[in-house]
Structure formats: structure tokens, C-alpha cells
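Thanks for coming. I have one structure to go through today, and I will keep it short. Please have the sequence and the model open.

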Amino acid sequence: MWVDLLAEEILRARPERRHVVNDAKSPSGRVHVGSLRGVILHDCVARALADRGAPVTFLYGYDDYDPLDG
């Protein structure tokens, strides 16, 4: 699967490091199903790294101070 290949590539490039997978959302604009894309993809990467025993942290932020969100 694509995420397995990506996790292996990450671990090959930086095997000794702690990994941080970071995602964020801003509430501006319309909410649609595509809004979940980043969260799901980043979660898949974090889980694939964890499944291989890599130390990983998944961070998710929500920026509700967006100036475009009237």
C-alpha cells in the first residue's frame, strides 16, 4: 500500500529520530467531505510509522482565529 512504502522511505531516511506528523484545520470556507482528507492521510502515515515501532506523535491543531472567517 502507498502508506507502507512512504513509512519505509521515511524510516530509511531518518531511522534514529522521533517523528512528528502535524496537521491543522482552519474553519474558513465551507465544510465538505474533502476537509477530512488531510486528517485521514496524516493519521495513516502516523499509524504506519507506529506499526513499525517508530516513535511517532500525531499533532492536530485547529486555528479558529482565521481573519477570513467573518
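I will talk about the salt bridges and then about the first helix.

Keep in mind that this is a predicted model. The count of salt bridges comes to four, and I will go through three of them here.

Start with D4 and R52. Their side chains meet in a salt bridge, with 3.0 Å from N to O. What does this pair tie together? D4 lies in helix α1, residues 2–13, while R52 is in the loop between α2, residues 37–51, and β2, residues 56–62, so the bridge joins parts that are 48 residues apart in sequence.

R52 has another partner, E8, and there the closest N and O atoms are 3.8 Å apart. This pair also links distant parts of the chain, with E8 in helix α1 and R52 in the loop between α2 and β2, 44 residues apart. Put together, D4, E8 and R52 form a network of salt bridges.

Are these side chains buried, exposed or something in between? D4 has 28% relative accessibility and counts as partly exposed. R52 is at 32%, again partly exposed, and E8 is at 38%, also partly exposed. The class called partly exposed runs between the 20% and 50% cut-offs, so these three values fall inside it.

Then there is the bridge between E16 and R17, whose closest N and O atoms are 3.7 Å apart. E16 counts as exposed, at 61% relative accessibility. R17 counts as partly exposed, at 43%.

Now the helix itself. α1 has twelve residues and reaches 17 Å from its first C-alpha to its last, which is close to the expected 16 Å.

Which residues of α1 are buried? They are V3, A7 and L11. These cover an arc of only 70 degrees around the axis, so they sit on the same side of α1. The general reason is that an α-helix has 3.6 residues a turn, so residues three or four places apart point the same way.

What covers that buried side? The cover includes β1, residues 19–25, and α2. On the other side of α1, L5, R12 and A13 are exposed.

To sum up, helix α1 has V3, A7 and L11 buried, with β1 and α2 included in what covers them. D4 and E8 of α1 are in a salt-bridge network with R52, which is in the loop between α2 and β2. That is what I have; questions are welcome.

Terms used. Residues are numbered from 1 along each chain as its sequence is written. This is a predicted model: local features need pLDDT of at least 70, side-chain atom pairs count only at pLDDT 80 or more; totals for chains, interfaces and linings use all residues. Side-chain values use heavy atoms; hydrogens and water are left out. Helices (H or I, at least four residues) and strands (E, at least two) are DSSP runs, numbered from the N terminus. Buried means under 20% relative accessible area, exposed over 50%, partly exposed in between (1.4 Å probe, protein chains only). The expected span of a helix is 1.5 Å times one less than its number of residues. The arc is that of the directions from the helix axis to the C-beta atoms. Contact means heavy atoms within 4.5 Å.
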